[in-house]
Amino acid sequence: MWPQVTQALRLVPERASTIAGQVDALFLFLVAVTVFFSGLIFLLVVVFALKYRRRSEAERPKAIHGSLLLEAIWTVVPLAIGLAIFVWGAYLYFVISRPPAAAMEIFVVGKQWMWKLQHPTGQREINELHVPVNRPIKLTMTSEDVIHSFFVPAFRIKADVVPGRYTSTWFEATKTGEYHLFCAEYCGTIHSGMIGKIIVMEPAAFQQWLAGATPGAPVVPVAELGRQQFEQRGCVTCHSGKPGGLAPALAGLFGSPVPLADGSTVKADESYLRESILNPHARLVAGFGPIMPVYQGLLSEENVMQIIAYLKSLPGQPGAH
Ligand code: CUA
């Protein structure tokens, strides 16, 4: 019943995602604990001030030698409450930071002062994101310039969007409608105007929207755009995938461990692939020389995301790594 009560009292903003209720429960618990102890302390201050007030000029207080029981209680109780908040918060943090495997991936690039979004099927949007209801959506995000923050209050998600690296978050909308998108990190003059909306649609309406999103222009899936980049930029010459190639084979690379020249191992996630494209000599793969050109400044963030989407789409080859 409390969700309806808190909504009716406007204690919290509208809830429109699967995690919104959980975030609110933790938040309202923190508020309740704070209110309870603030009230308790206020009350005790008044009670003690009255009870132990000085009654005459000659009155002297009795000596007190402490109480082990009292001290144990005021140590153990706050400790238990603090640890409970920690465990609860950590659990929720893990839920929010781990997108379900089946999530639909949206690519987000922040720049002063707009949000650029791209669907896996290729449709692009600016300051607007259309998504289907009841489907997990993973956002893979980066910035072209300064730090921004992707904030959708109704979904209770907020994640920094940082230049030079990927961050991600996810949500599953539970209600159709339009929800505010804000930039929640001061990023310059028009920071407050860096806003947009998330449009949550019924699956059928969403499919219809996808089909008609870019009338006239053919829509190319992101992975296919990446494949085109991969060929146009000549990557395929060295990353031929054939034995004895000048550069590592890339099929099935995503998510697998990569042995490095310095003897350590790294997991080939989005961030490592990004670094290896833009600054390939930073973490060289064992057995290969530093011969790949540096693409820093030559590729847009969109291009890099497309190439990574292509690499992720390559089927794994048994025994390739
Ligand atoms: Cu972007 Cu504030």
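**A mixed sheet, two cores and a set of aromatic pairs**

Strand S6, covering residues 148-152, pairs with S7 in the antiparallel sense, and five bridges hold the register between them. In this predicted model, the S6–S7 pair makes a convenient place to begin. Within the pairing, Val-152 is found opposite Ile-157 of S7. The hairpin of S6 and S7 has four residues between the strands, and Arg-156 takes a positive phi near 60° there. Along S7 itself the side chains alternate. Ile-157, Ala-159 and Val-161 point to one face and are buried, whereas Lys-158 and Asp-160 point to the other face and are not buried.

The hairpin belongs to a wider arrangement. Five strands form an open sheet with mixed pairing, and their order is S4-S10-S9-S6-S7. Strand S4 (128-132) and strand S7 (157-161) stand at the edges; each has a single partner strand, so one side of each is left without a neighbour in the sheet. On average, and with direction ignored, neighbouring strands of this sheet are turned by 20° against each other. As general background, strands of a sheet pair through backbone hydrogen bonds, in either a parallel or an antiparallel sense.

Elsewhere in the sheet, strand S9 (residues 177-183) and strand S10 (residues 196-201) also pair in the antiparallel sense, over five bridges. Here His-180 has Lys-197 of S10 as its bridge partner. Helix H4, residues 203-212, packs on the sheet and touches S4 and S10. The direction of H4 makes about 135° with that of S4.

Attention can now turn to the nonpolar residues. In soluble globular proteins, nonpolar side chains tend to be buried together. The largest nonpolar core of this model has 34 residues, and the members that touch the most others are Trp-115, Leu-139, Phe-150, Phe-155 and Ile-198. Strand S10 gives the most to this core, contributing four residues. What is Phe-150 in contact with, leaving aside its neighbours within four places in sequence? The contacts of Phe-150 include Trp-115, Leu-139 and Ile-198, and among them are also Ile-157, Lys-158, Ala-159 and Val-161. Further partners of Phe-150 include Val-108, Leu-117, Met-141, Leu-181 and Phe-182. A second, separate core has 26 residues, including Val-222, Ala-268, Tyr-295 and Ala-309.

Aromatic rings offer another view of the model. A pair of such rings is described by the distance of the centres and the angle of the planes. The count comes to 10 aromatic pairs. One of them joins Phe-36 and Phe-37 in an edge-to-face arrangement, with 5.1 Å centre to centre and 85° between the planes. Phe-37 has 29% relative accessibility and therefore counts as partly exposed. Phe-48 and Tyr-52 form a tilted pair, with 5.8 Å centre to centre and 50° between the planes. Phe-48 counts as partly exposed because its relative accessibility is 43%, while Tyr-52, at 57%, counts as exposed. Phe-155, already met in the largest core, forms one aromatic cluster with Phe-171 and Tyr-179.

A final detail concerns a charged residue name that readers may wish to locate, Arg-15. Arg-15 lies in the loop between helix H1 (2-8) and helix H2 (20-51). Is Arg-15 buried or exposed? Arg-15 counts as buried, because its relative accessibility is 11%, and buried means under 20%. The side chain of Arg-15 is joined to that of Asp-24 by a polar contact of 2.4 Å.

Notes:
Residues are numbered from 1 along each chain as its sequence is written. This is a predicted model: local features need pLDDT of at least 70, side-chain atom pairs count only at pLDDT 80 or more; totals for chains, interfaces and linings use all residues. Side-chain values use heavy atoms; hydrogens and water are left out. Two strands pair if DSSP finds at least two bridges between them. Axes are lines fitted to C-alpha atoms, for helices over the stretch in contact, and angles run from 0 to 180 degrees between N-to-C directions. Contact means heavy atoms within 4.5 Å. A nonpolar core is a set of buried Ala, Val, Leu, Ile, Met, Phe, Trp, Tyr and Cys residues joined through side-chain atoms within 4.5 Å. Buried means under 20% relative accessible area, exposed over 50%, partly exposed in between (1.4 Å probe, protein chains only). A polar contact is a pair of N or O atoms within 3.5 Å; within protein, one must be able to donate a hydrogen and the other to accept it, and residues adjacent in sequence count only if both atoms are side-chain atoms. Rings of Phe, Tyr and Trp (its six-membered ring) pair if their centres lie within 6.5 Å; planes under 30 degrees apart count as stacked, over 60 as edge-to-face and the rest as tilted.
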